[in-house]
Amino acid sequence: MKKLINSPEAVLADSLVGVAAAHPELNVDHTNRIIYRGSPTKPGKVALISGGGSGHEPLHGGFVGFGMLDAACAGEVFTSPTPDQMQEATKVADSGAGVLHIVKNYTGDVMNFEMAAEMAEAESGVKVAAVVVNDDVAVEDSTWTAGRRGVGVTVLLEKIVGAAAEEGRDLAAITELAQRVNDTGRSMGMALTSCTVPSAGKPTFDIPDDMMEMGVGIHGEPGRHRVPLAPASSIAQQLVEPVLADLDFTKGPVIAMLNGMGGSPLIELYLMYGEVAKLLERAGVQVARNLVGNYITSLDMAGCSITLLQADDDLLKLWDAPVNTPGLRWGV
Amino acid sequence: MADVTLAQLVDWLGRFRDLVTEKQSYLTELDSAIGDADHGSNMARGMGTVMEKLGTPATIDELFKTVGMTLVTSVGGASGPLYGTFFLRIGTTAGAVSGLTYAEFSAALRAGLAGVIARGKAEVGDKTMLDALVPALDAWDAAASAPWDAAFAAASSGRDATEPLVARKGRASYLGDRSAGHLDPGATSTALLFEALAGALA
């Protein structure tokens with residue numbers, strides 16, 4: 001394993017030191033591993049909190065700031081943070097208007113956020129609401145499964161709901177909006193290589209040079225299917241088709257994200273976006289806004305995911321509103 | 001006359017820490033196959049912190065409250081809340097005592113099991129830690145003598161029986177059919193828990 005680290009055990013702590021050094025506008029609580037805004041949440045503004053395992057940067061710490069999150073909890077690599085961390089973040093960020101927990105649908109994240117909400121409400125009387133993001137079309141959803149994973153839509157949701165919170169919408173309205181964004185977004189991912197979890201010291205899975213994994217999540221796990229490596233145009237098709245088959249995206253404007261898994265260069269991500277844009281146009285999908293880059297990653301995995309979100313005038317207005325975070329910045 | 005003493009339970013946890021530390025790479029390897037490659041490091045880190053924080057508890061509920069809360073607040077992922085809830089419920093049910101009969105200990109373990117089921121919303125056959133935990137407790141209750149040996153044997157068979165299963169809960173479920181053909185890492189660490197118990201009570 002060749003990585004820019006001091007030791008596998010210290011990766012998270014050392015990385016947070018760097019975050020603090022690079023972003024004096026943010027506060028870093030090294031004990032509780034929370035990144036939060038430098039100025040307290042305005043009275044009357046609902047606070048937005050997210051968190052999850054580390055290794056998905058810029059998600060979530062990189063999306064703390066004006067127009068997005070108020071605080072983010074960092075867990076160990078690919079391991080959800082603990083309820084006491086989230087409870088502390090909830091207390092730090094609450095201004096009295098309540099807190100929305102943005103949770104990706106993974107068993108550990110869901111359980112720890114549930115415990116945190118129970119603890120925060122019981123011990124400090126903070127009003128807590130939650131949205132569980134589950135947009136991954138690669139995963140079958142039934143009462144007998146853990147349900148779909150929360151992936152790319154998390155980024156779009158944090159931006160859109162973050163803007164609504166800055167406008168001063170109340171907790172009920174914010175929660176409903178968050179649920180609506182989740183319900184109208186879909187994602188699908190693929191990987192060319194495995195990533196290497198520092199504490200494991202070697203790639204999570206082996207994959208021959210002429211194969212790829214379709215339907216991956218963001219935790220370095222293998223995908224749903226292993227298929228022969230194909231040209232980008234074919235990969236784009238294998239990503240776009242299941243997304244369009246799952247939800248009708250032709251009814252209005254769409255926000256599209258072509259996301260890198262962390263190990264693919266931008267030249268490839270733009271190339272992929274070109275292929276995806278062609279397919280969407282052919283399918284009658286009108287892309288009104290887009291993002292291309294590494295936003296929700298899986299350490300050093302090579303690969304990408306696409307996310308589509310049905311939008312309307314309200315969502316586009318919220319999307320265009322100013323945002324000022326390490327990972328997303330415009331209009332300021 | 002107590003069948004299970006506070007000292008034996010402390011010994012149980014120390015043995016469990018030793019086993020998950022010794023098998024850390026193996027657990028992570030199992031988790032690499034169908035999960036996200038962190039089960040070994042998470043359990044070793046959590047049980048290491050537990051043994052540092054344990055001190056000298058005066059009663060069984062105090063012991064397990066420390067164990068449960070330490071796991072909940074130091075592990076994260078799914079293992080933290082699941083193992084943490086298991087031990088917290090054992091402590092609450094056992095109460096402020098320094099010894100338990102086998103029947104009382106069984107009742108406490110069953111309360112722990114109920115906590116795991118409530119938190120994880122899984123059932124036997126989903127390819128999770130329950131596939132080792134449920135048969136272990138059933139074997140404990142059915143045993144005429146040395147219930148710890150029966151429980152350890154049943155937990156190990158339960159672990160082995162997860163190999164052909166398709167996971168329906170937890171991270172492994174995202175692999176669908178591809179999760180078959182691998183041991184479940186959670187059931188494997190639960191079998192270690194009963195191996196440690198057998199060692200402590202024998």
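**Entry 1: β5 and β6 of chain A**

I started at strand β5 (residues 99–104) of chain A, which is joined to β6(A) by six bridges, the two strands running parallel. This is a predicted model, and I read every entry below with that in mind. I looked for a residue pair in this ladder and took A:Ile102, which faces A:Val131 in β6(A).

Next I traced the sheet around them. Six strands of chain A make up an open sheet, and I noted the order β1-β2-β4-β3-β5-β6. Its pairing is mixed. Which strands stand at the edges? I found β1 (26–29) and β6 (128–133) of chain A there. Each has a single partner strand, so one side of each lacks a neighbour in the sheet. From one strand to the next I get an average twist of 20°.

I then checked what covers these strands. Helix α3 (residues 107–124) of chain A lies across β3 (47–54), β5 and β6 of chain A. Against β5(A), helix α3 of chain A runs at about 165°.

**Entry 2: the other sheet of chain A**

I moved on to an open sheet of six strands with the order β9-β8-β7-β12-β10-β11 in chain A. The pairing here is mixed. I marked β9 (225–228) and β11 (286–293) of chain A as its edge strands, each paired on one side only. The twist averages 20° between one strand and the next.

I looked at one edge in detail. Strand β10 (residues 253–260) of chain A pairs with β11(A) in the parallel sense, over seven bridges. Within that pairing, A:Asn259 has A:Gly293 of β11(A) as its bridge partner.

Which helices pack on this sheet? I found α5(A) touching β7 (185–191) and β12 (303–310) of chain A. The direction of α5(A) makes about 50° with that of β7(A). I also found helix α8 (residues 313–320) of chain A, which touches β10, β11 and β12 of chain A. Its direction makes about 30° with that of β11(A).

**Entry 3: two domains in chain A**

I pulled up the domain assignment of chain A. It gives domain 1 (10–184) and domain 2 (185–322). Taken over C-alpha atoms, the centres of the two domains of chain A are 22 Å apart. I counted the contact: 39 residues of domain 1 of chain A against 41 residues of domain 2 of chain A.

How much area is buried between domain 1 and domain 2 of chain A? I get about 3,200 Å², with 62% of it from carbon and sulfur atoms. On the domain 1 side of chain A, the residues that lose the most area to domain 2 are A:Phe78, A:Leu156 and A:Thr184. Together they account for 20% of what that side buries.

I turned to the polar part. Six salt bridges cross the interface of domain 1 and domain 2 of chain A. I also counted 23 residue pairs in polar contact between these domains, both residues at pLDDT 80 or more. I asked which helices serve the domain 1 side of chain A. Both α4 (153–166) and α5 (171–183) of chain A supply at least two residues to the side touching domain 2. The largest share, seven residues, comes from α4(A).

**Entry 4: A:Arg180**

I stopped at A:Arg180. Its side chain meets that of A:Asp312 in a salt bridge, 3.1 Å from N to O. A salt bridge also links the side chains of A:Arg180 and A:Asp314, at 3.7 Å from N to O. The latter pair joins distant parts of the chain, with A:Arg180 in helix α5 and A:Asp314 in helix α8 of chain A, 134 residues apart. For scale, I searched the whole structure and found 29 salt bridges over all chains.

**Entry 5: chain B against chain A**

I closed with the chain contact, which takes 34 residues from chain B and 40 residues from chain A. Chains B and A bury about 2,800 Å² between them, and carbon and sulfur atoms hold 54% of it. In chain B, I listed B:Arg119, B:Tyr174 and B:Arg178 as the residues losing the most area to chain A. Together they give 28% of what that side buries.

How many salt bridges lie between chain B and chain A? I counted four. I opened the one in which the side chains of A:Glu114 and B:Lys121 meet, at 3.9 Å from N to O. Polar contact between chain B and chain A comes to 11 residue pairs, both residues at pLDDT 80 or more. Several helices of chain B give two or more residues to the side touching chain A, including α3 (39–53) and α6 (102–120). I noted the largest share, four residues, from α2(B).

Technical notes: Residues numbered from 1 in each chain as written. Chains lettered and ligands numbered in written order. Predicted model: local features only at pLDDT ≥ 70, side-chain atom pairs only at ≥ 80, totals over all residues. Heavy atoms only, no water. Pairing = 2+ DSSP bridges. Axes fitted to C-alpha atoms, helices over the stretch in contact; angles between N-to-C directions. Contact = heavy atoms within 4.5 Å. Domains from an automatic or database assignment. Buried area = accessible area lost by both parts, 1.4 Å probe. Polar contact = N/O pair within 3.5 Å; in protein donor to acceptor, adjacent residues only side chain to side chain.
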